[in-house]
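This briefing covers the overall make-up of one protein chain, then one of its sheets, then a patch on its surface.

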Amino acid sequence: MIETNQPTMAFPSYLVPNLWTLSLLTLLAASVQSNFIVFDDDPLQPVTQDETASVGGMVTLTCRVAASDNSSLQWSNTAQQTLYFGEKRALRDNRIQLNRSTGTELSITIGNVQLSDEGEYTCSIFTMPVRTARATVTVLGVPDKPQISGYEDTVQEGGKVTLTCTSSGSKPPAKLRWYRNQEELTGRPDVVETNPDEATYTVISELTLTVGRSDDNTLIGCAVDHPSLSPGEKWTEQPIRVLFTPDVTIQPQNDLPREGEKFIIQCIGNGNPKPTSYVWHKKDGELPLMAKVDGSFLLFEMLNKSDNGVYLCQADNGIGKMQGEYTLLVQDGPDNIADPTAMSTSSGVDHAVIGGVVAVIVFILLCLLIVLGRYLIRHKGTYLTHEAKGCDDAPDADTAIINAEGGHSGAEDKKEYFI
C-alpha cells in the first residue's frame with residue numbers, strides 16, 4: 001500500500017497514446033520517487049531480475065506485480081526509450097517482440113543481442129507515485145575460434161618449438177588452455193589486449209616445448225574457456241612433426257633356421273624420415289659367401305652351421321645412424337633328424353630279437369638241466385657194499401664184522417641197479 005498526502009491523480013485518456021509523454025513522465029517520476037514512502041509489501045511494486053545473454057543470442061525481460069489496479073506496465077531501454085507500453089510497441093525494432101502481457105505481467109524478448117544492448121532496463125507502472133524496477137542486461141562477447149601460429153616446419157629431436165594461440169572478440173576476456181593430446185600443459189600467462197573498435201578483448205597465449213621422438217605426430221591443442229561457450233566448444237589443434245634417428249630391429253623370416261634351408265632376415269628402421277641406407281656385416285668376421293644383401297634384407301640361399309654368429313645392420317636416415325643385431329643359430333636339417341616311425345619300428349624289432357634269444361637260451365638251459373638230472377639219477381645206484389661181504393655166511397655178528405674188515409677180495413661184488 002502507498003501512504004501519501006498527495007491527492008490521487010489519474011492520467012487523462014488523451015495522454016495514453018503519447019508515448020513520448022509517458023517517457024518523460026517516467027523520468028519525472030523517478031526523480032521525485034524519493035518523496036514517497038513505498039513499503040516492502042507493496043503489491044504494486046514491479047519485480048524484475050538481471051539477465052545475461054551472449055552476442056547473437058536472445059534475452060527475455062519480465063516485469064511482474066503482485067496485484068493489478070488496471071495500470072499498464074512499461075519497459076524502457078538503457079536510453080530511457082519506451083520499448084513496450086502494455087501490448088503496444090513503442091520502438092520500431094523488429095528484434096524486440098512482445099512475449100506476454102497481462103494486468104500483472106509484461107514480458108518482452110530481444111533477439112540477436114548485440115554488445116550495444118547491454119545496460120539497465122527499466123520497468124514502470126504508472127500509479128501515483130510511479131513505481132519502477134530495474135534489470136541489468138549483461139551481454140557476453142563470444143570469442144572467435146582460436147588460431148595457432150609459430151609452427152612452420154619439422155623440429156629435430158631435442159629442439160624447441162614456440163606456439164602462439166590467439167582468440168579475439170571475447171567479453172569478458174577469455175582464458176586460453178593448452179593441451180598435448182588430452183594432457184593439459186602450462187603456457188605463459190595470457191596477454192589481454194583491448195580491441196579499439198568495440199568493447200571486446202583479444203587474448204594471446206604462448207607455449208614453448210622441448211620435443212622428443214614421442215612427440216612426433218602429436219596434436220597440440222588450444223581451447224577457449226569462456227562463460228558464453230560450453231567446454232571444448234571452440235578448439236584448435238596443430239600436429240607436430242619431429243625428426244629423429246631410427247630405432248633398428250632385425251626380424252627373422254622364421255624362428256627355426258635349419259641347415260640346408262633358405263633363410264631371410266630383415267632390418268627394420270623406425271625413424272623420421274624413414275632410413276634410406278642399410279649396411280650389413282657380421283660381427284668378428286665377414287659375411288658368408290652364400291649370403292646376399294638386398295637393401296634391408298639379408299638372404300641365405302642354403303644355411304650352413306658355419307653361418308652361425310652375430311649379424312649387424314646399420315640404418316641411416318640422414319638424421320643419424322643406429323645399429324641392430326641378430327644372433328643366428330642354425331639347427332640340424334631334416335636329413336639329420338631320425339624318423340620317429342623308423343626308430344619305433346627298429347626298437348620293436350630289437351625287442352623281438354632279444355626276446356627270442358632269451359627264450360632260446362632259457363630252453364637250452366632247461367634241456368641241459370633235464371639231461372644232467374637224468375644222468376645223475378642213472379649213475380646214483382651203482383656202488384659196492386663192502387660192509388655186507390661175508391655177512392651172509394658168518395655164523396655170528398662178530399665173525400661177520402671180521403670178514404667184512406678183512407676184505408674178501410675174491411668174493412663176488414654185489415651190485416644194485418636203480419632205474
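Two strands count as paired if DSSP finds at least two bridges between them. The model is predicted. In the protein chain there are 3 helices and 27 strands.

**Whole chain**
- Of the 419 residues in the protein chain, 33% are buried.
- The accessible surface of the protein chain is about 25800 Å², and carbon and sulfur atoms account for 53% of that area.
- Among contacts in the protein chain with a separation of 6 or more, 63% are between residues 24 or more positions apart.

**Four-stranded sheet**
- An open sheet of 4 strands follows the order S12-S14-S18-S17, and its pairing is antiparallel.
- The edges are taken by strand S12 (147-149) and strand S17 (191-194); each has a single partner strand, so one side of each has no neighbour in the sheet.
- On average, neighbouring strands of this sheet are turned by 25 degrees against each other, with direction ignored.
- S17 and strand S18 (residues 201-210) run antiparallel and are joined by 4 bridges.
- Glutamate 193 has threonine 202, in S18, as its bridge partner.

**Surface patch and helix H2**
- A nonpolar surface patch of about 750 Å² is formed by Val353, Val357, Val360, Ile361, Phe363, Ile364, Leu365 and Leu368.
- Phenylalanine 363, one of the residues in this patch, lies in helix H2, which covers residues 340-379.
- The relative accessible area of phenylalanine 363 is 56%, and because exposed means over 50%, this residue is classed as exposed.

Conventions
Residues numbered from 1 in each chain as written. Predicted model: local features only at pLDDT ≥ 70, side-chain atom pairs only at ≥ 80, totals over all residues. Heavy atoms only, no water. Patch = residues over 30% accessible without salt bridge, like charges linked within 9 Å, V, L, I, M, F, W, Y side chains within 5 Å. Areas by Shrake-Rupley, 256 points an atom, 1.4 Å probe, with all protein chains shown as cover. Salt bridge = Lys/Arg side-chain N within 4 Å of Asp/Glu carboxyl O. Helix = DSSP H or I, 4+ residues; strand = E, 2+ residues; numbered from the N terminus. Buried < 20%, exposed > 50% of the residue type's maximum accessible area, 1.4 Å probe, protein only. Axes fitted to C-alpha atoms, helices over the stretch in contact; angles between N-to-C directions. Contact = heavy atoms within 4.5 Å.
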